[in-house]
Amino acid sequence: MNRRDLLKASLFGAAAAPAFAQGARQSSALGCEDCFVKEIALAMPSAPRLRVTGVKTFGVTSDVLPRDRPHVFVKVETDAGVVGWGEATLEGKAAAAMQAVHDLSYAIMGQDPMQVEHHWQSMYIHAFYRSGPVLGSAISGIDQALWDIRGKVLGRPVHELLGGPLDDRGVRGYYHLRPVLPREAPYREQVAAIRERAEKFGVTAFKTGIPGYYEWIDTHARIKEAIERLCILREVMGDQIDIGVDFHAKTSPAVALQICREVEDLNLMFVEEPCPPENVKAMKRISDRTTVPIATGERLITHYGCRELIEGKVVDILQPDVNHVGGISALWKVGAMAEASGVMMAPHACEGPVGAVASTHVDAAMPNFLVQEICSGVEPDGKDKLWEELLGYPAMRMVGGYYPLPTKPGLGIEVDERALARHPFGGTKPFVSLPVHEDGSIASP
Amino acid sequence: MKIAGVAPRAIAEPGGRRYVVVRVDTDEGVSGYAETEAGPAPQLAVDQLKRELPALVGMNPARAVRVDEDLRRSGASLASRAVANVACLDILGKATKASVYEILGGPTRHKVRALAVLGPGSDAELRENVLAARREGHRAFSVPLTMPSGMERGRRFYTGVRATLDSLRDAAGEECDFVLDCGGRPSPGEARSIADRMEGFHLLWMDEPCGELSAFAQASISKGSATPVGYGRGFAENARFQDLLREDGVDVLRPALAIHGLTSVRKAAAIAETYYVAVAPFHRGGPIGAAAGIQLCAALPNSFVQETPFSARLADRQVRAAISGWDEKPVDGFFPLLGRPGLGLDVDERALEAHTVAR
């Protein structure tokens with residue numbers, strides 16, 4: 001691309017234009033305006049069966065979605081007419097994730113989309129500044145789309161390319177403990193009503209949180225409230241339903257450990273993020289002192305970001321998010337690393353349906369898979385209707401406690417672009433809650 | 001598609017190298033091939049595969065991980081699991097008209113570095129073999145360490161090792177590289193002395209510098225030297241690699257294709273990637289295993305080289321080519337990718353039959 005073409009692309013180009021503008025500026029600094037594509041391309045003896053011709057992003061804003069996470073979908077187009085879909089939704093950073101996808105599109109434009117590992121390496125290593133959630137989410141969206149294309153070209157669902165499925169029933173999942181009665185109904189009655197529906201639909205696992213926000217040392221009343229809630233939950237749910245509890249990194253090790261120790265008899269499926277994720281040693285302080293399985297990982301980026309947790313046997317369960325960790329490629333690698341240390345996989349999924357479905361493909365081929373999250377309640381709501389509108393089927397609704405695996409090639413889904421157009425991107429919004437403590441200091445959401 | 005039959009057989013090359021080739025047939029007429037070690041009693045290896053692999057019949061070969069899990073639960077040997085994995089991927093590649101490296105997410109490179117594994121010999125014989133392999137396109141050579149008896153392991157031994165390697169490089173040229181294959185024979189202390197002596201030579205790595213000791217003991221060589229070390233030809237589980245990586249004790253993972261297959265090595269490579277450590281699959285068998293290794297290396301981001309045994313005997317090389325339809329010749333030290341579907345080979349059943357070890 002010469003300077004004139006570059007100017008045209010900047011003025012008149014569609015979604016992919018910014019990517020070329022970015023890439024050209026970078027390579028210009030090297031004294032070679034368009035050589036980067038040649039440098040990255042593998043010198044294969046024969047021409048590829050198809051090439052990437054376009055990278056587009058779609059932001060989806062809707063009242064039925066949490067305000068911080070308009071869905072960010074990635075569409076990769078090829079000269080063979082095959083397209084791939086991926087998801088790069090990043091809570092509170094939608095516009096940044098979309099721009100990062102375009103920034104990275106230099107790595108695949110004009111290239112063979114089948115070479116997904118090569119492109120992953122290029123996007124991650126050539127970025128120079130490795131890791132971080134924006135880069136991780138952008139790579140994730142592109143990686144998922146490339147796997148979708150790979151499956152479509154080879155005529156196989158992605159889970160089969162990964163060697164699965166291991167379970168013909170699909171992928172075991174859990175819902176969130178969302179109210180099914182009016183919100184003012186007592187907690188015990190809410191749980192009883194949820195249990196009733198769970199038994200009706202064959203759901204075998206739920207996740208809930210602990211109430212309120214916590215300071216790094218907290219009071220008897222707050223700690224007692226959290227423990228009593230969990231005791232009621234187990235009592236009403238009974239022993240047949242597994243319960244995960246997300247502390248959401250609201251607690252410090254000091255507070256989390258007190259709660260964990262006092263709920264050990266409940267045999268929870270896991271306690272998630274008992275403290276923030278940056279300090280592995282702090283997390284280990286908790287896991288070393290309780291029998292409650294400790295889980296973390298939704299904020300970790302790439303398999304590199306999970307190494308220390310696995311190496312130190314810090315957690316029992318890892319929960320990478322296919323939309324942040326680096327897509328299907330990186331989620332599979334984390335699973336492989338965890339398998340060698342006896343760490344189970346329970347991938348996080350709290351964004352849109354494309355990534356959630358992508359996650360189930362990886363789940364289906366991991367021998368150490370435990371359970372797949374979806375941030376939905378046992379009863380479908382407006383979000384489920386939106387997802388059905390976008391994908392044409394009730395994506396991520398369990399049947400008998402399992403997410404059915406798509407059987408069509410690739411990810412096995414089709415995204416309706418007319419439906420996307422009905423929910424245009426409304427801009428980035430901050431994280432869904434911005435809590436403060438009663439003294440005005442910042443609390444962890 | 002379902003697996004319909006399994007046929008293992010022991011193969012012998014004229015020079016004596018032996019290995020077991022397994023053909024896995026499906027009900028749709030697609031067959032996959034794989035290879036494992038023959039060991040000291042090839043017929044025992046074949047008999048074991050004949051006992052264990054019929055469990056594959058009726059399974060879907062497209063589900064390589066599912067197949068492996070089922071075999072594992074049935075108590076099948078690592079060799080059976082390895083050949084099942086490779087053959088399933090060969091079948092899936094042929095069924096989808098994709099090479100195995102494409103199934104695995106590659107290629108990540110357009111050629112795969114080659115390593116010629118040389119047999120033991122005197123300095124003069126090693127020199128001849130290096131030059132013969134060089135003429136065949138190799139630029140990297142794995143040289144076996146000759147260990148003298150205990151009393152002779154003095155300074156003369158250590159200086160001799162260095163002198164041998166120096167003479168081989170003089171003969172082959174500065175552009176050639178070497179692995180010193182210690183075969184697990186030195187003690188950790190001896191290995192450290194060898195590693196120390198080899199600094200400045202820039203070995204690619206010292207292979208199996210000591211035996212299968214604790215990860216702590218194995219790591220002691222790496223901790224005392226700048227010479228890279230490789231381990232793992234006998235490791236049965238990826239946890240062993242992870243332990244050694246945790247100990248900062250290894251620079252090159254050496255998982256054996258004959259006991260891991262491809263998916264398991266891919267998982268080991270994922271672990272190694274986060275330690276910035278390379279993978280060089282171990283293979284001392286026939287051309288089908290070599291092709292599987294090249295397919296794998298072409299798909300991994302952190303593969304460095306694929307080794308193949310090099311025979312100076314033309315007859316051996318001709319047999320291998322007849323079996324696989326592939327001459328195994330690198331070009332300037334690199335194997336071109338095998339881009340045809342599956343493993344990329346055209347296995348000749350008649351050639352296999354002709355070289356099957358008689359019972």
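Buried here means under 20% relative accessible area, and B:Thr108 makes the cut because its value is 12%. Keep that cut-off in mind, as it comes up again below. This is a predicted model, with a contact between chain B and chain A that takes 37 residues from chain B and 38 residues from chain A. Here's a quick tour, starting with that threonine and moving on to the interface and a few spots within each chain.

**B:Thr108, a buried loop residue**
- You'll find B:Thr108 in the loop between H4 and strand S4 (111–117) of chain B.
- Its side chain has a polar contact of 3.2 Å with the side chain of B:Arg109.
- A polar atom of the B:Thr108 side chain also sits 2.8 Å from the backbone oxygen of B:Leu300.
- Leaving out residues up to four places away in sequence, B:Thr108 touches B:Cys297, B:Ala298, B:Ala299, B:Leu300 and B:Pro301 in chain B, plus A:Leu42, A:Glu117 and A:His118 in chain A.

**B:Thr96, another threonine that touches chain A**
- B:Thr96 belongs to helix H3 (residues 78–96) of chain B.
- With a relative accessible area of 8%, B:Thr96 counts as buried, because the limit is under 20%.
- The B:Thr96 side chain reaches back to the backbone oxygen of B:Leu92, at 2.8 Å.
- Apart from residues up to four places away in sequence, B:Thr96 touches A:Leu154 and A:Arg156 across the interface, and B:Ile103 in chain B.

**The interface between the chains**
- Together, chain B and chain A bury about 3,300 Å², and 57% of that is on carbon and sulfur atoms.
- On the polar side, there are 21 residue pairs in polar contact between the two chains (both at pLDDT 80 or more).
- Five salt bridges turn up across the interface, and one you can look up is A:Glu339 with B:Lys267, at 2.7 Å from N to O.
- Which elements give two or more residues to the side of chain B that touches chain A? They are helix H2 (64–73), H3, helix H4 (100–103), helix H9 (238–246) and helix H11 (263–273) of chain B.
- H11(B) supplies the largest share of that side, with five residues.
- By residue type, the side of chain B that touches chain A splits into 19 nonpolar, eight polar and 10 charged.

**A hairpin in chain B**
- Strand S2 (residues 18–26) of chain B runs antiparallel to S3(B), and seven bridges join them.
- As a landmark in this pairing, B:Val20 stands opposite B:Thr36.
- Four residues lie between the two strands of the hairpin, where B:Gly29 takes a positive phi near 85 degrees.
- Strand S3 (residues 31–37) of chain B has five of its seven residues buried, so the rest of the structure largely encloses it.

**Buried spots in chain A**
- A:Ser329 is in helix H13 (residues 327–340) of chain A, and its relative accessible area of 6% makes it buried.
- The side chains of A:Ser329 and A:Asp143 share a polar contact of 2.5 Å.
- Setting aside neighbours within four places in sequence, A:Ser329 is in contact with A:Val116, A:Trp120 and A:Trp147 as well as A:Asp143.
- Helix H10 (residues 253–262) of chain A has A:Pro253, A:Val255, A:Ala256, A:Leu257, A:Ile259 and A:Cys260 buried.
- The cover over those buried H10(A) residues includes helix H9 (220–237), strand S7 (270–272), helix H11 (280–287) and strand S8 (294–296) of chain A.

Note on methods:
Residues are numbered from 1 along each chain as its sequence is written. Chains are lettered from A and ligands numbered from 1 in the order in which they are written. This is a predicted model: local features need pLDDT of at least 70, side-chain atom pairs count only at pLDDT 80 or more; totals for chains, interfaces and linings use all residues. Side-chain values use heavy atoms; hydrogens and water are left out. Buried means under 20% relative accessible area, exposed over 50%, partly exposed in between (1.4 Å probe, protein chains only). A polar contact is a pair of N or O atoms within 3.5 Å; within protein, one must be able to donate a hydrogen and the other to accept it, and residues adjacent in sequence count only if both atoms are side-chain atoms. Contact means heavy atoms within 4.5 Å. Buried area is the accessible area (1.4 Å probe) that two parts lose on being put together, summed over both. A salt bridge is a side-chain nitrogen of Lys or Arg within 4 Å of a carboxyl oxygen of Asp or Glu. Ala, Val, Leu, Ile, Met, Phe, Trp, Tyr, Cys and Pro count as nonpolar, Asp, Glu, Lys and Arg as charged, and the others, Gly among them, as polar. Two strands pair if DSSP finds at least two bridges between them.
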